[in-house]
Amino acid sequence: MRRAIAGVLNRITRQIRDDLETDPYLAYILLLAFVLAGFWIWHHVPDFATRDERWRVVDPLEVLVFFLRDPGVESLRKGLEHWRPYGATLYLYGIALIPVIVFAFLTGQLDAFMGILRPPGGMNVNLWAHWNRTPAWAWIAIILSSRLVNLLLAVGCVYVMYRIGTTMRDRATGRLAAILLSLTWGFVVLAHEAGEDIPALFFLLLVVYFALRYSVTGEKSLFYAGCVCGGIAMAFKLTAGVSVALLGLAYLLYARNPETTPREALVRPRLLMLGAVLGATMIVVGFPSTFAGGIDVIIDRVHRGTTNKGQSFGWLVAPSWWWILRGYLNGLGLPLFLGILGGVAASLPLLRERSATSNGVLLALAGTVTYLAVYSRWAYVRTHHLLPTFVFLILVLAVVLARFYDSNRSLARPLIVILLVTSGMYAGIGALGYANQPRDQTMSWLSTHAAGNATVETYTMDPQDAAVPHGMNVYQPSNREMTIDGKTRTPGVRKWTLAMPKRCPSYIQLNYQNGILYLAPDNHSERAKLLSNPRMKSYFRHLMAEDKYPYEVAATFGPRPRFFTTDKPQPLWWNLLRVGLFPRTIQYGDAQDFGVDQYTVVLERTGPCKTFTRSPFA
């Protein structure tokens with residue numbers, strides 16, 4: 001086994017070295033991918049980019065905490081059973097965190113991780129307390145280590161795209177496919193955070209690569225390699241199950257090879273059985289929770305994933321076709337989106353051929369259709385869900401453009417230049433936004449202006465959605481128990497908020513999704529309708545007007561919401577067109593969105609708070 005692994009690694013190393021020596025442009029393409037995907041990768045630390053990033057980096061550390069409390073196999077088992085089934089990200093980010101854990105061990109600071117463990121309530125946890133229990137240095141090291149591993153896998157994706165394009169046609173096609181992926185905004189966004197999308201994409205691309213080569217040569221080891229990579233991809237993300245369809249199609253495509261007969265190509269029961277066993281084994285092993293809970297862990301994960309996707313989630317409700325269209329416009333940008341539409345139309349005549357190019361186009365289109373057939377049944381589809389189809393369609397476009405360039409360089413050259421420049425501008429402007437996020441600016445302002453004992457009140461339950469420096473004293477609705485008139489009471493969120501003068505914080509931070517949006521008309525969005533409440537609207541209006549409470553607006557960050565100046569909604573056509581022109585637009589439909597809907601107002605107390613003459617909860 002050791003010798004076999006060493007042989008595989010040697011072949012990989014030799015292939016990469018040969019490509020770099022043969023193609024002088026490849027190194028620059030990989031450098032471009034690294035710079036664009038890694039620009040400002042430290043954004044928002046010690047806070048998280050998304051909910052998923054938080055739990056992906058916390059998962060392996062929770063298992064570590066169980067082991068540190070009581071070293072032994074039983075503790076590891078309890079750690080793996082602690083929350084929902086862990087997938088392959090537990091391995092990946094567990095490995096990424098080894099340097100951080102070793103540093104903490106050598107400096108006697110392993111206790112820094114003990115506060116990371118979630119209580120048995122799972123997601124029903126005080127997220128502010130959970131975040132502040134762990135020192136800021138630990139979160140910074142944990143998040144950055146995990147993001148760097150994700151970044152390296154993103155660069156790996158670009159290289160595998162180069163290999164696929166080269167195998168489909170030639171190195172020029174491979175270069176074009178790799179550059180286009182590097183300039184795809186939806187790819188750049190996901191490279192900036194620790195998650196499962198980029199790792200799953202990396203192994204899914206390997207499936208495409210091995211499936212393409214198998215469809216041409218029929219070499220069994222390629223099919224087995226595809227099955228192994230497909231199983232790993234599914235262990236990261238279950239939607240990578242499209243690997244099965246891709247390998248199945250490659251199995252059938254080999255029957256078109258003139259050097260074999262359909263019977264020789266299709267009657268390979270041992271190949272299919274062993275391939276299925278290898279793939280299934282990688283899925284089971286890829287879910288470390290199976291070592292504690294058995295195969296039911298995977299069944300539960302599949303059930304939870306299929307049932308949740310059929311229900312509306314977040315604060316934006318729309319049909320699946322709208323989510324899909326918006327996701328393509330946002331993830332690709334309008335120029336690349338239009339180019340891909342033209343590329344798909346121009347690729348259809350290629351399907352009649354019997355070549356590696358034709359097989360690659362068939363695999364890419366089949367993968368895209370399979371994904372869209374699944375997503376059409378979902379209640380919401382976000383940009384990161386569509387990422388695998390981005391790479392499939394980029395491969396198709398690269399082949400079409402390369403063929404067009406060979407037949408008509410005078411027209412193809414300016415078309416390719418325009419496509420690369422516009423896509424680069426779209427992705428570049430989006431990436432520059434990481435250095436200019438309203439939430440990061442707010443945290444910097446509070447760090448500079450707030451005194452060490454100052455308190456800030458915010459109405460969001462998740463520090464990832466707010467903009468408060470780590471360790472600052474926070475009042476927030478998830479901590480609803482408070483003492484008033486010598487009695488401990490647990491009021492509702494509304495009453496808790498309206499009792500602000502009793503707490504009299506140094507600062508009040510109003511975030512868009514959990515504060516400012518109370519001032520929006522009900523027809524502004526589903527979220528605004530949900531928040532509709534006259535008393536809360538009056539409270540936030542008085543705060544902003546600085547006319548009732550001893551607070552004044554000290555600073556604002558981000559663009560003012562449209563509803564501050566007009567109640568007239570934007571036309572639907574402009575909403576969709578804008579998505580493809582401005583990269584910082586809605587991807588999630590909730591407070592996780594990067595750069596958009598992050599308007600933040602910081603109010604500073606300027607005098608003593610008034611006392612209530614009657615109970616604030618009356």
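1. The disulfide between Cys504 and Cys609 is right-handed because the torsion about its S-S bond is about 90 degrees. A disulfide here is a pair of cysteine sulfur atoms within 2.5 Å; the S to S distance for Cys504 and Cys609 is 1.9 Å, and the count under this rule is one disulfide. The model is predicted: local features need pLDDT of at least 70, side-chain atom pairs count only at pLDDT 80 or more, and totals for chains, interfaces and linings use all residues. Residues are numbered from 1 along each chain as its sequence is written, and side-chain values use heavy atoms, with hydrogens and water left out.

2. Both Cys504 and Cys609 are buried, that is, under 20% relative accessible area (1.4 Å probe, protein chains only).

3. Cys227 and Cys229 form no such bond, because the sulfur of Cys227 is 9.5 Å from the closest cysteine sulfur, in Cys229, which is too far. Cys227 counts as buried at 9% relative accessibility, and Cys229 is buried with a relative accessible area of 9%.

4. The largest nonpolar core (buried Ala, Val, Leu, Ile, Met, Phe, Trp, Tyr and Cys residues joined through side-chain atoms within 4.5 Å) has 148 residues. Those with the most contacts inside this core are Phe113, Ile142, Ile164, Phe187 and Tyr507. Apart from this core lies another, of 26 residues, including Trp496, Met500, Leu543 and the disulfide-bonded Cys609.

5. Beyond its neighbours within four places in sequence, Tyr507 is in contact (heavy atoms within 4.5 Å) with residues including Trp445, His449, Met472, Val602 and Glu604.

Conventions: Buried < 20%, exposed > 50% of the residue type's maximum accessible area, 1.4 Å probe, protein only.
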